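Thanks for coming. I will take this chain from its surface and overall build down to a few charged pairs. Please have the sequence and the structure open.

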Amino acid sequence: MDFDKLTEVMRRLSLEAGDIIMEIYGADDFEVKSKCDDSPVTAADEAADAHISAGLRAAFPDVALVTEEQADSHTVTANTFLIVDPLDGTKEFIHRRGDFTVNIAYVEDGAPQRGVVYAPAKGRLFYTNAAGASVEEVGDLDKATVGTTIPISVSTPDNTGLMVVASKSHRDQATDDYINKYAVNDMKSAGSSLKFCLVATGEADIYPRVGRTMEWDTAAGHAVLTGAGGHVVRFDDHTTLTYGKDDFANPFFIAYAPGIDLKLP
């Protein structure tokens with residue numbers, strides 16, 4: 001893979017998709033439909049997906065593509081593939097809370113190697129550069145020209161008082177029970193894959209997810225966190241979370257900064 005080209009394409013497509021999403025987000029009203037699993041989908045999901053998919057297929061025609069909004073891609077079997085969630089946090093989008101993201105990732109041999117997470121309503125753009133290190137780009141976020149990039153790195157956790165981030169829309173008793181195994185200094189809630197990015201920047205130390213997710217929900221955030229020095233492991237046995245599973249469904253997981261005394265369920 002040409003990682004310079006991959007970084008440029010993923011960054012540009014995420015920003016362009018963000019513009020598409022924000023145009024619909026700013027409308028007086030938009031239609032919300034239900035998919036076969038009863039999860040919501042909007043015109044923004046579908047339009048952003050069409051744009052990103054066309055761009056990736058044009059740039060990397062020989063790389064398999066998996067995307068949430070194209071069911072026929074969910075039967076792909078490959079060790080190396082691109083994976084897209086064009087609008088993660090659809091519920092946040094519908095309720096106009098701003099915590100939604102564009103996610104594009106490149107997986108190789110079961111591990112997310114590169115990724116971009118863009119939160120257009122918040123103007124925050126995180127991605128892995130060509131060398132695999134994670135950055136946050138600040139400024140105008142011009143599509144043609146990369147602006148100022150700030151290297152990001154996970155925290156050095158204090159196990160006597162951790163900073164925890166948890167889901168805004170999917171918080172439940174099981175999550176709270178697990179969090180209560182730790183000494184917690186502060187808690188924050190965030191939607192979508194932004195939770196990975198808060199751990200990647202050191203704004204949080206740990207993000208436990210006791211609930212259903214799919215690989216397209218997590219791959220880009222996982223890549224950004226890895227490039228910032230963090231880890232994502234299975235909830236049950238603390239082995240590394242892998243990608244390319246038969247149904248692209250994830251087990252429960254924990255995203256965290258090294259140095260945390262991880263607790264078993």
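About 11,100 Å² of the protein chain is exposed, and 47% of that area comes from carbon and sulfur atoms. Please keep in mind that this is a predicted model. As for what lies inside, 54% of the 265 residues in the protein chain are buried.

Now the overall build. The secondary structure of the chain amounts to six helices and 16 strands. The radius of gyration is 17 Å, close to the 18 Å that the globule rule gives for 265 residues, so the chain is as compact as a globular protein of that length. Measuring along the principal axes, the C-alpha trace spans about 50 × 40 × 40 Å. Of the contacts with a separation of 6 or more, 61% are between residues 24 or more positions apart.

Next, charge. The chain has 23 positive and 42 negative charges, and the mean positions of the two sets are 3 Å apart. In general, side chains of opposite charge can pair when their charged atoms come close. How many salt bridges does a search of the whole structure find? The count is twelve. I will go through some of them.

Start with arginine 11 and glutamate 137, whose side chains form a salt bridge at 2.8 Å, N to O. Arginine 11 sits in helix α1, residues 3-25, while glutamate 137 is in strand β8, residues 134-138; the two are 126 residues apart, and the pair links distant parts of the chain. Are these two residues buried or exposed? Both arginine 11 and glutamate 137 are buried.

Strand β8 also holds glutamate 136, which is paired with arginine 124 in strand β7, residues 124-128, twelve residues apart. That salt bridge has an N to O distance of 2.9 Å. Glutamate 136 has a relative accessible area of 12%, so it counts as buried, being under 20%. Arginine 124, at 22%, is partly exposed.

Arginine 124 has another partner: glutamate 203, with the closest N and O atoms 3.0 Å apart. Glutamate 203 lies in the loop between α5 (194-200) and β12 (206-209), 79 residues from arginine 124, so this pair too links distant parts of the chain. Glutamate 203 is partly exposed, with 27% relative accessibility.

One last item on salt bridges: Glu8, Arg12 and Glu16 are joined in a network of them. That is the end of my part.

Technical notes
Residues numbered from 1 in each chain as written. Predicted model: local features only at pLDDT ≥ 70, side-chain atom pairs only at ≥ 80, totals over all residues. Heavy atoms only, no water. Salt bridge = Lys/Arg side-chain N within 4 Å of Asp/Glu carboxyl O. Helix = DSSP H or I, 4+ residues; strand = E, 2+ residues; numbered from the N terminus. Buried < 20%, exposed > 50% of the residue type's maximum accessible area, 1.4 Å probe, protein only. Rg over C-alpha atoms; globule rule 2.2 N^0.38 Å. Contact = heavy atoms within 4.5 Å. Areas by Shrake-Rupley, 256 points an atom, 1.4 Å probe, with all protein chains shown as cover. Lys, Arg positive; Asp, Glu negative; His and termini not counted. Charge placed at Lys NZ, Arg CZ, Asp CG, Glu CD.
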